[in-house]
Amino acid sequence: MSFTVHGLAVSRGIAIGKAVIVASSRIDVAHYFVKPDQVDCEIERLRCARKEVIEEIERVQESLEDLGPNDAHPELSALLDVHLMLLQDEQLTSGVKHWITERHYNAEWALTTQLEVIARQFDEMEDPYLRERKADLEQVVERMLRVMRGAVSVVASPATAPAASAVSSDTASTSSEGVPLVLIAHDLSPADMLQFKQSVFAGFVTDVGGKTSHTAIVARSMDIPAVVGARAASQVIQQDDWVIIDGDAGVVLVDPSPALLAEYGFKQRQRQGEVERLSRLKNTPAITLDGQKIELLSNIEQPEDAVAALKAGAVGVGLFRTEFLFMGRSGKLPDEEEQYQAYRRAVEGMQGLPVTIRTVDVGADKPLDRSPVRAGEDHLNPALGLRAIRWSLSEPAMFLAQLRAILRAAGSGPINLLIPMLAHASEIRQTLSLVAKARDQLDKRGQVHGPVRLGAMIEVPAAALTIPLFLRHFDFLSIGTNDLIQYTLAIDRADEAVSHLYDPVHPAVLQLLANTIAQARAAGKGVSVCGEMAGDVTMTRLLLGLGLRSFSMHPSQILAVKQQILRCDAVKLATWAQTVLAAEDPAALMAD
């Protein structure tokens, strides 16, 4: 039966394919694809885990038999029998093998997928006793997952070897029958998104998230349709259901009729035609009608993204999010040499164009999967906790290693060093001192390094209200509108419950934005916007009118923004922008 799920439209386009459900588990489970020649190894890992859990249960049963009649627990013995029966159930074992063999899921992913399939069958049973057996099944599966967590896969963990998930795109985005796949999940961590970026699905749907959550941001960087904040999508959509994701309307259509499939197939072809038309603008300079030259830069998450940046016609990288090098590593942070090689590859990949590298920005919706370093590190509100530069300054050895790696990479090409979430003069002094110390350490080692321009992210109101302080110490500013909006309006940008209050054109936000741009330009310092606002074509005219001349966005957004720029007169827009700034309801004027 056809039905529709509504959410937030966060990445444009239409995706049609079979659903792949990433089930939630009380244990963190890695999700990645294995190569065809590794299928047997994954099945063997599954078999060994099942065998170990069976032996463990049998040992417990033997210990119960040794108890006296007064100490025996017949209920426990019966429960263990149920667990053994479930472990040996053909539907569980054959189903898991199916997902490994046909879809090339890793063993843990296959196990949780089959758990979801069987659990739904239990939910539909009328007998309450049988329905309650779902809890036993979950316990059995979690015991197997714990065993496999301790067992090293023949396939290197994606956390330590990204190539593990970098299977061919045919394997990753389609089933063995050649059918496109779409991913349905309760939530996806940035580390999960990074792994799936290597193996592109046709689209994403998540139960939670907002328009500027990192699931949404990475989906846009992959230029694939995505809907977030779809509430119970992962519960109502079943494995292998046919799904249409409408990334323009924020709608997910499940089990669509042939007529709907035909209609959305036509929309897909229309969008492809639009993309092909935009591609003709790649080599056209971004210059407004009145002759203003505009700098269009790319945001990247990995060194390999430089290819897409150049393909889109970017004139540099305005934001290299280095935190993605730190995620999904089971607590092991990248050392200086690994980081240096990554930054060097990005610089060389951009073929002499400048690369702006932001120091690690973890916390909030980008947590590291490592054990807390100190008591109380697990904050109730991580967006206001130890994140970004605060975390870096609290871990000086880690920070110095990153700074040394960036300075060394600057010997291979032009690099701008960008510091996130600064708010205090003391933080600025500490940061500059550590940059000098890192350079001194390299000098003492005799290692080659290069000059860097120093920049500061303006993403908290405290920074936006003290711009002269930042202009005295930094060569350029980069406005992170995602966090600036979040902190100015006191809204968690990843929480769909308040997503309707996330307003890029709120008068307070626009005043901070306008003042930052104006003061930087008056001081002769560079200023750019690197948040999602930069890639939003509905904001291009306003940003030009406010005096912005440098935009940094995902490669997939560059050509559409360039098209808008080519149609604009920046001088005329400046007068209109001041009218918008003075308005009580700026959104109403922008809609005209």
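Student: Just to fix terms: helices (H or I, at least four residues) and strands (E, at least two) are DSSP runs, numbered from the N terminus. Where is Asp 255 found, then?

Tutor: Asp 255 is in the loop between β8 (251–254) and α11 (258–278). Before we go on: this is a predicted model, where local features need pLDDT of at least 70 and side-chain atom pairs count only at pLDDT 80 or more, while totals for chains, interfaces and linings use all residues. Residues are numbered from 1 along each chain as its sequence is written, and side-chain values use heavy atoms, with hydrogens and water left out.

Student: Got it. What's the phi of Asp 255?

Tutor: Positive, about 55°, although Asp 255 is not a glycine. Most residues other than glycine have a negative phi. Met 421 is another non-glycine residue with a positive phi, near 60°, and it sits in the loop between β12 (415–419) and α16 (425–445).

Student: And is Met 421 buried or exposed?

Tutor: Met 421 has a relative accessible area of 2%, so it is buried. The cut-offs are under 20% relative accessible area for buried, over 50% for exposed, and partly exposed in between (1.4 Å probe, protein chains only). Asp 255, at 35%, therefore counts as partly exposed.

Student: Switching to charges: how many salt bridges are there?

Tutor: The count comes to 22, taking a salt bridge as a side-chain nitrogen of Lys or Arg within 4 Å of a carboxyl oxygen of Asp or Glu.

Student: Which residue does Glu 348 pair with?

Tutor: Arg 344, with the closest N and O atoms 2.9 Å apart. Both lie in helix α13 (residues 336–349), four residues apart, or about one turn of the helix. Glu 116 and Arg 120 in helix α4 (residues 107–123) also have a spacing of four residues, and their closest N and O atoms are 3.3 Å apart. In that pair Arg 120 is buried at 12%, whereas Glu 116 is partly exposed at 21%.

Student: What about Asp 483, which partner does that one have?

Tutor: Arg 387, at 3.1 Å between the closest N and O atoms. This pair links distant parts of the chain, 96 residues apart: Asp 483 is in helix α19 (residues 481–489), and Arg 387 is in the loop between β11 (355–358) and α14 (389–394). Both Asp 483 and Arg 387 are buried. They also belong to a salt-bridge network with Glu 323, Arg 358 and Asp 361.

Student: Any empty space inside? How many cavities of 30 Å³ or more turn up?

Tutor: One, from a search of the whole structure. On a 1 Å grid over the protein atoms alone, a cavity is a set of points where a 1.4 Å probe fits but cannot get out, and lining residues have an atom within 4 Å of a point. About 120 Å³ of space lies in the largest cavity, a volume being the space filled by probe spheres set on the points, which are joined across faces, edges and corners.

Student: Which residues lie nearest its centre?

Tutor: Arg 321, Arg 358, Glu 459, Asn 482 and Arg 493, out of 17 lining residues. Helix α19 gives the most to that lining, with three residues.

Student: One last stop: what is Thr 540 in contact with?

Tutor: Leaving aside neighbours within four places in sequence, Thr 540 contacts Phe 551, Val 561, Gln 564 and Ile 565, where contact means heavy atoms within 4.5 Å. Thr 540 lies in helix α21 (residues 540–545) and is buried, with a relative accessible area of 0%.

Methods:
On a 1 Å grid over the protein atoms alone, a cavity is a set of points where a 1.4 Å probe fits but cannot get out, and a pocket is an open set with protein on both sides within 12 Å along at least five of seven lines; lining residues have an atom within 4 Å of a point.
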